[in-house]
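Here's a quick briefing to read alongside the model. Keep the sequence and the 3D view open while you go through it.

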Amino acid sequence: MLDRFNRRINYLRISVTDRCNLRCRYCMPENDPCMLSHEDILTFEEIRQVVAVAAQAGISKVRLTGGEPLVRKDITALVAMIASVPGVDDLAMTTNAVLLDKFAVPLKEAGLQRINVSLDTVDPVKFRDITRGGELRKVFQGIEAAKATGLHPIKINCVVKKGAERKDAIAVAEFCGRNGLEIRYIQEMDLEKGDFAVVEGGSGGDCRSCNRLRLTSDGKIKPCLFSDLAYDIRELGIQPALEMALGNKPREGSVNQQNLFHNIGG
Ligand code: SAM
Ligand code: SF4
């Protein structure tokens, strides 16, 4: 499907939960991040229906994100449901990989094709600080399990602060080189201030070629990460919400004052 600026929209990013087992400083408040209630969160069947309608309209790439997708109960069942939707030919996930060692095999079996892992440092002390308590060892185990399972390619999302020294980012690149992983650098963004940049080595952040729509965990289709526009599938119906998101996709991002990264998905 084409939007009004002639961009081909074929990519849907789905936030399956606003919850997370880490608390990265740039993504999520430390305490009481105001989680959605169980009834607000889309059911697996609702998510499958959105994917089915979107796929009929031309979406062929789907990515599951969050929050942390692996903390959503029975996530492998959702992966299998989405993988079986006709027209979905690329199914990926973005994860912090803390739980990936136990999920890599069932995810692959369910039809997940590839994975992005977020990793900003290979120093366990800094990792614990950035994520407010995360264990780097678990991430390494998760990456190993994903490699062994054949999830390919494995891309590493490395967030770098604007203007900050890149020592950690370089060490992450070296780690990727040694382990057959692809790195992409994401500049730390600020949704509220409208501060975003093109992803180095990736496809995000360039409004002229943006091919994305987003689905939040509480059922809003958003045409742009840096916009407050949101169309509720439960209020409007899936097809109308999708059409409105497509029809109103802005030429370029501005600000998003309604979301934090953990509840829209990066
Ligand atoms: N929990 C999963 C993870 O961390 O990979 C998926 C959700 S997370 C919100 C998705 C991506 O958004 C991650 O790669 C994360 O680094 C990125 N992200 C979160 N906050 C960000 C920010 N303020 N600026 C840029 N990227 C951010
Ligand atoms: Fe959780 Fe991912 Fe946000 Fe870190 S970036 S707090 S792992 S959702």
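## Ligand 1 and its pocket

A nitrogen atom of ligand 1 sits 2.8 Å from a polar backbone atom of M189; that makes a polar contact, meaning a pair of N or O atoms within 3.5 Å (within protein, one must be able to donate a hydrogen and the other to accept it, and residues adjacent in sequence count only if both atoms are side-chain atoms). On its own, ligand 1 exposes 540 Å², and the protein buries 95% of that; the areas come from the Shrake-Rupley method with a 1.4 Å probe, and for residues only the protein chains shown count as cover.

A word on the ground rules: this is a predicted model, where local features need pLDDT of at least 70 and side-chain atom pairs count only at pLDDT 80 or more, while totals for chains, interfaces and linings use all residues. Residues are numbered from 1 along each chain as its sequence is written, chains are lettered from A and ligands numbered from 1 in the order in which they are written, and side-chain values use heavy atoms, with hydrogens and water left out.

**More on ligand 1**

- The side chain of E68 gets involved too: one of its N or O atoms is 3.1 Å from a nitrogen atom of ligand 1.
- T95 joins in through its backbone, with a polar atom 3.2 Å from an oxygen atom of ligand 1.
- There are 18 residues around ligand 1, and Y26, G67, E68, S118 and M189 come nearest; a residue makes this list if one of its heavy atoms lies within 4 Å of the molecule.
- Strands β3 (90-95), β5 (154-160) and β6 (182-187) each put at least two residues into that shell; helices (H or I, at least four residues) and strands (E, at least two) are DSSP runs, numbered from the N terminus.
- Sorted by class, the shell of ligand 1 has six nonpolar, 10 polar and two charged residues. Here Ala, Val, Leu, Ile, Met, Phe, Trp, Tyr, Cys and Pro count as nonpolar, Asp, Glu, Lys and Arg as charged, and the others, Gly among them, as polar.

**Ligand 2**

- Around ligand 2 you'll find C20, L22, C24, C27, M28, G67 and N96.
- That shell splits into five nonpolar, two polar and no charged residues.
- G67 turns up here and is also one of the residues that come nearest to ligand 1.

**Helix α6, end to end**

- Helix α6 (residues 167-179) has 13 residues and should span 18 Å at 1.5 Å a residue; its end C-alpha atoms are 19 Å apart, which agrees. The expected span is 1.5 Å times one less than the number of residues.
- A169, V172, F175, C176 and N179 are the buried residues to look for in α6, where buried means under 20% relative accessible area, exposed over 50%, and partly exposed in between (1.4 Å probe, protein chains only).
- Looking down the axis of α6, the buried residues fall within an arc of 115 degrees, so they line one face of the helix; the arc is that of the directions from the helix axis to the C-beta atoms.
- The other side of α6 carries K167, G177 and R178, which are exposed.
- K167 has a relative accessible area of 57%, and its C-alpha atom is 27 Å from that of E68, 99 residues away along the chain.

**Helix α3, another one-sided helix**

- L100, F103, A104, L107 and A110 are the buried residues of α3 (residues 100-110).
- Seen down the axis of α3, these residues stay within an arc of 140 degrees, so they line one face.
- K102 and E109 are exposed on the face turned away from that buried side.

**Two buried residues in other helices**

- F261 belongs to helix α9 (residues 261-264) and is buried at 16% relative accessible area. The C-alpha atoms of F261 and S118 are 13 Å apart, with their positions 143 residues apart along the chain.
- I233 is in helix α7 (residues 233-236) and counts as buried at 6% relative accessibility. Its C-alpha atom is 9.8 Å from that of L42, though the two are 191 residues apart along the chain.

**Backbone oddities**

- H152 and P153 are joined by a cis peptide bond, with omega about -5 degrees; P153 sits in the loop between α5 (136-149) and β5.
- N6 has a positive phi, near 65 degrees, without being a glycine. N6 lies in the segment before β1 (11-15) and is exposed, at 60% relative accessible area.
- D74 has a positive phi too, near 60 degrees, and is found in the loop between β2 (61-65) and α2 (75-83).
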